[in-house]
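Here are my notes for you, written as a colleague would jot them down. Keep the model open while you read and look up each residue as it comes.

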Amino acid sequence: MAAAQGQFSDHSNGTGGKGGGEGDSVPPAFRSAVDALRTARLRPGVEIEPTPPPKRLAPYAYALEAAVVDGEDDLADGRLILLHDPSGHDAWQGTFRLVTLVRAELEPEMAADPLLPEVCWSWLTGALEARGLSYGEASGTVTQAGSYYFGGLAERRPATQIEIRASWTPREGRGGLPDTAAHLTAWCDLLCQVAGLPPGAGGPPGTGDAGVVSLPQRRGPRTP
């Protein structure tokens with residue numbers, strides 16, 4: 001998979017830049033963290049590309065969007081945003097923050113499982129822990145929504161969507177930098193888990209499904 005090339009958002013001067021042409025105002029730590037995201041090697045079946053970052057969450061931001069694909073079907077999709085505030089942020093307890101939105105459609109019978117929200121949250125924390133990543137101040141929501149079809153769409157089966165919104169602080173290691181490439185890989189593990197793929201495939205030795213609770217395969221053939 002080609003490395004992702006994308007956009008910085010630099011709000012110290014109200015402007016943004018593309019690719020390698022960002023202004024000198026971009027902090028070296030943030031530039032290095034983004035470079036690591038761009039070079040991460042991810043699991044087959046995950047398509048990822050840059051997307052315009054938000055402009056008001058932090059002084060510096062970089063965003064990626066991804067989808068787990070099977071032929072012409074998107075099994076799950078999501079967005080991952082890297083935020084950076086060189087001055088630190090009390091709520092983050094650090095200078096970097098990762099924010100995500102992950103969405104997928106589940107089989108209708110899955111909606112009846114009362115543990116589904118807790119299990120989905122465990123997929124996030126389990127993905128990070130299975131990769132040996134240190135993080136803090138994790139928070140988020142898991143939302144279920146049902147869709148029922150009528151009229152010309154009446155032949156379609158009811159569907160349940162799951163949505164995970166979360167953020168966490170990646171702990172900074174050597175040189176004051178978090179391992180953003182590893183966090184991106186763990187996030188893609190989460191995306192694949194939500195899509196119904198087996199956990200751990202394509203990961204390094206020992207990263208299997210430790211700490212991750214699995215539900216049955218969730219997706220069957222779609223009715224047009």
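1. Let's start in the middle of a sheet: the bridge partner of Val102 in β8 is Ile164. Val102 belongs with strand β6 (residues 94–106), which is joined to β8 by 9 bridges, the two running antiparallel. Two strands are said to pair if DSSP finds at least two bridges between them.

2. Before going on, a word on what you're looking at. This is a predicted model, where local features need pLDDT of at least 70 and side-chain atom pairs count only at pLDDT 80 or more, while totals for chains, interfaces and linings use all residues. Residues are numbered from 1 along each chain as its sequence is written, and side-chain values use heavy atoms, with hydrogens and water left out.

3. Back to β8, which has another partner. Strand β7 (residues 135–147) is joined to β8 by 11 bridges, again antiparallel, and Gly146 has Thr160 as its bridge partner in β8. Is β8 mostly covered or mostly open? Mostly covered: in this strand (residues 159–170), 9 of the 12 residues are buried. Buried means under 20% relative accessible area, exposed means over 50%, and partly exposed is in between (1.4 Å probe, protein chains only).

4. Now zoom out. The chain has 3 helices and 8 strands, in the order β-β-α-β-β-β-β-α-β-β-α from the N terminus. Both kinds of element are DSSP runs numbered from the N terminus: helices are H or I with at least four residues, strands are E with at least two. Of the 224 residues, 45% are buried. Among contacts with a separation of 6 or more, 66% are between residues 24 or more positions apart; contact means heavy atoms within 4.5 Å.

5. How many aromatic pairs does the structure hold? Just 1. Phe30 and Tyr60 make a tilted pair, 5.8 Å centre to centre with 40 degrees between the planes. The rule is that rings of Phe, Tyr and Trp (its six-membered ring) pair if their centres lie within 6.5 Å; planes under 30 degrees apart are stacked, over 60 edge-to-face, and the rest tilted. Phe30 sits in helix α1 (residues 28–39) and Tyr60 in strand β4 (residues 60–70), so the pair ties together parts that are 30 residues apart in sequence. Phe30 is buried at 0% relative accessible area, and Tyr60 is buried too, at 7%.

6. Have a look at His84 next, in strand β5 (residues 73–89). His84 is buried, with a relative accessible area of 3%. Leaving aside neighbours within four places in sequence, its contacts include Phe30, Tyr60, Trp92 and Thr95, so both rings of the aromatic pair turn up here. The His84 side chain also reaches the backbone oxygen of Thr95 at 2.9 Å. That's a polar contact: N or O atoms within 3.5 Å where, within protein, one can donate a hydrogen and the other accept it, and residues adjacent in sequence count only if both atoms are side-chain atoms.

7. Two backbone oddities to check. Gln93, in the loop between β5 and β6, has a positive phi near 60 degrees without being a glycine. Glu137, in strand β7, isn't a glycine either, and its phi is positive at about 50 degrees. Glu137 is partly exposed, with a relative accessible area of 39%.
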